[in-house]
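Trainee: Before we look at the model together, I would like to practise justifying the words we use for it. Could you take each term, set it against its definition, and let me follow the reasoning?

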Amino acid sequence: MPHYFFHVRNRFGYVEDEEGSELPDLEAARARAIDGVRSMLSEEARAGEIDLRGRIEVRDPAGALLLTIPFAEAVTVHTGPPADGSKPGIAA
Amino acid sequence: MIERHLMKLRARDEVTPEEEQAIRSIVRELRHVRADTRLIRAGEVLSESTMLLDGIACRYKDLRNGERQITELHVAGDFLDLHSFTLKRLDHDVLALTRCTIAVVAHDDLRRITDDHPHLTRLYWFGTNLDAAIHREWELSLGRRTAAARIAHLLCELYVRLGLVGLTDGFSYRLGLTQTDLAECLGLTSVHVNRMLKELREGGLVAIRDGMVDIEDWEGLQKRAEFTPDYLYLERRPR
């Protein structure tokens with residue numbers, strides 16, 4: 001199976017993946033990267049601050065860039081008025 | 001062959017020469033297995049328990065989509081499934097995570113020595129109680145600790161457990177697990193584990209390089225993890 005490396009760039013700097021993972025194909029690597037982003041963002045959500053400006057670079061053993069997954073593409077964010085139709089920011 | 005098992009027992013109580021002989025007489029079928037060998041499958045009917053003599057193995061459960069939760073890591077000297085003596089089948093699988101050396105003990109032999117040696121029976125009861133205590137601590141980690149604290153806690157636990165069986169060198173030990181293995185212990189992903197390991201390394205607490213764990217600040221690592229070894233019952237006393 002091919003070997004993929006998942007390097008993370010965000011406001012804390014660059015986290016190099018020296019170990020990598022063997023996965024069946026690039027689609028599996030994409031899924032692994034998205035899962036990784038969501039795992040990190042869930043922790044940020046618990047701490048009360050979410051930064052979507054990072055990205056994961058998926059590279060092959062030679063260092064060639066295969067995929068870039070911006071954090072923002074790993075989640076769907078809904079903002080704006082409340083989904084229940086009430087007006088935002090007004091206390092009942 | 002069972003030296004590490006005896007070290008683990010003797011860390012918590014005395015083992016008499018007769019008891020040692022009784023244990024030695026029933027451990028058989030030494031076997032080397034490769035990493036990723038499934039040693040016991042959930043549900044199969046068991047007539048023997050497996051002891052880990054070398055390497056790292058785990059108990060795990062998984063979901064239909066393949067997502068896996070490792071529920072406990074085992075180190076040299078541990079019984080992997082002493083509980084199968086009474087359960088006769090397991091509700092989880094057992095997997096070798098690294099190259100492992102294992103041996104087996106027939107349940108019939110366990111019945112015989114537990115009949116003949118009540119104190120050994122209590123020691124092995126202690127052993128399954130200890131596994132339960134480790135499970136509770138992991139539950140606390142999975143449910144409540146932050147990602148960094150979970151990793152720190154696991155690395156503290158392994159340092160203590162490996163130290164008991166003579167497998168630490170100063171503040172270092174060989175772990176040989178992948179980031180994916182760690183992620184499956186911690187309820188995280190390999191990408192997240194790598195990111196948190198960097199944080200712990202840059203904080204001067206611990207570093208993992210080529211399968212070796214180097215604890216650079218033992219006090220700081222314990223503090224970060226809220227680790228105390230109480231749940232590992234390190235007191236040597238009559239049981």
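Mentor: Let us begin with burial: a residue counts as buried when its relative accessible area is under 20%, as exposed when it is over 50%, and as partly exposed in between. Please keep in mind throughout that this is a predicted model.

Trainee: Why is E20(B) called buried?

Mentor: E20(B) has a relative accessibility of 18%, and because the limit for burial is under 20%, E20(B) counts as buried. The residue lies in helix α2 of chain B, residues 17-26, and, leaving aside neighbours within four places in sequence, E20(B) is in contact with L6(B), R10(B) and V15(B).

Trainee: What makes R28(B) partly exposed?

Mentor: The relative accessible area of R28(B) is 32%, and because partly exposed covers what lies between the limits of 20% and 50%, R28(B) is placed in that class.

Trainee: How do you know that R28(B) and E29(B) meet in a salt bridge?

Mentor: Side chains of opposite charge can pair when their charged atoms come close. The rule asks for a side-chain nitrogen of Lys or Arg within 4 Å of a carboxyl oxygen of Asp or Glu, and for R28(B) and E29(B) the N to O distance is 2.6 Å, so the pair satisfies the definition of a salt bridge.

Trainee: Why is the contact of R161(B) with E72(B) called a salt bridge?

Mentor: The closest N and O atoms of R161(B) and E72(B) are 3.7 Å apart, and because the limit is 4 Å, the pair is accepted. This pair links distant parts of the chain, with R161(B) in helix α6 and E72(B) in strand β5, 89 residues apart. R161(B) is buried at 8% relative accessibility, and E72(B) is buried with a relative accessible area of 0%.

Trainee: What makes E157(B) a salt-bridge partner of R161(B)?

Mentor: The closest N and O atoms of E157(B) and R161(B) are 2.8 Å apart, which the limit of 4 Å admits. Both residues lie in helix α6 of chain B, 4 residues apart, about one turn of the helix, and E157(B) is buried, with a relative accessible area of 0%. The bridges extend into a network that links K8(B), R59(B), E72(B), D78(B), D131(B), E157(B) and R161(B), and a search of the whole structure finds 28 salt bridges over all chains.

Trainee: Why is the aromatic pair of F79(B) and Y124(B) called edge-to-face?

Mentor: A pair of aromatic rings is described by the distance of the centres and the angle of the planes. The centres of F79(B) and Y124(B) are 5.5 Å apart and the planes stand at 80 degrees; because pairing needs centres within 6.5 Å and edge-to-face needs an angle over 60 degrees, both conditions hold. F79(B) lies in the loop between β5 and α3 and Y124(B) in helix α5, so the pair ties together parts that are 45 residues apart in sequence.

Trainee: What makes the pair of Y159(B) and F171(B) stacked?

Mentor: The centres of Y159(B) and F171(B) are 5.6 Å apart, with 20 degrees between the planes, and because planes under 30 degrees apart count as stacked, that is the word used. Y159(B) counts as buried at 15% relative accessibility, whereas F171(B), at 41%, counts as partly exposed. Ring pairs link these two with Y173(B), W218(B), F227(B) and Y231(B) into a cluster.

Trainee: How do you know that α7(B) is largely enclosed by the rest of the structure?

Mentor: Of the 8 residues of α7(B), 7 are buried, so the helix is largely enclosed. What covers these buried residues includes β5, α5, α6, α8 and β10 of chain B.

Trainee: How many salt bridges are counted between chain B and chain A?

Mentor: The count between chain B and chain A is 0 salt bridges, while the rule finds 7 residue pairs in polar contact across the interface. On the side of chain B that touches chain A, α8(B) gives the most, with 6 residues. The area buried between the two chains is about 1,500 Å², of which carbon and sulfur atoms give 47%.

How values were computed: Residues numbered from 1 in each chain as written. Chains lettered and ligands numbered in written order. Predicted model: local features only at pLDDT ≥ 70, side-chain atom pairs only at ≥ 80, totals over all residues. Heavy atoms only, no water. Phe/Tyr/Trp six-rings, centres within 6.5 Å; stacked < 30°, edge-to-face > 60°. Helix = DSSP H or I, 4+ residues; strand = E, 2+ residues; numbered from the N terminus. Buried < 20%, exposed > 50% of the residue type's maximum accessible area, 1.4 Å probe, protein only. Buried area = accessible area lost by both parts, 1.4 Å probe. Polar contact = N/O pair within 3.5 Å; in protein donor to acceptor, adjacent residues only side chain to side chain. Contact = heavy atoms within 4.5 Å.
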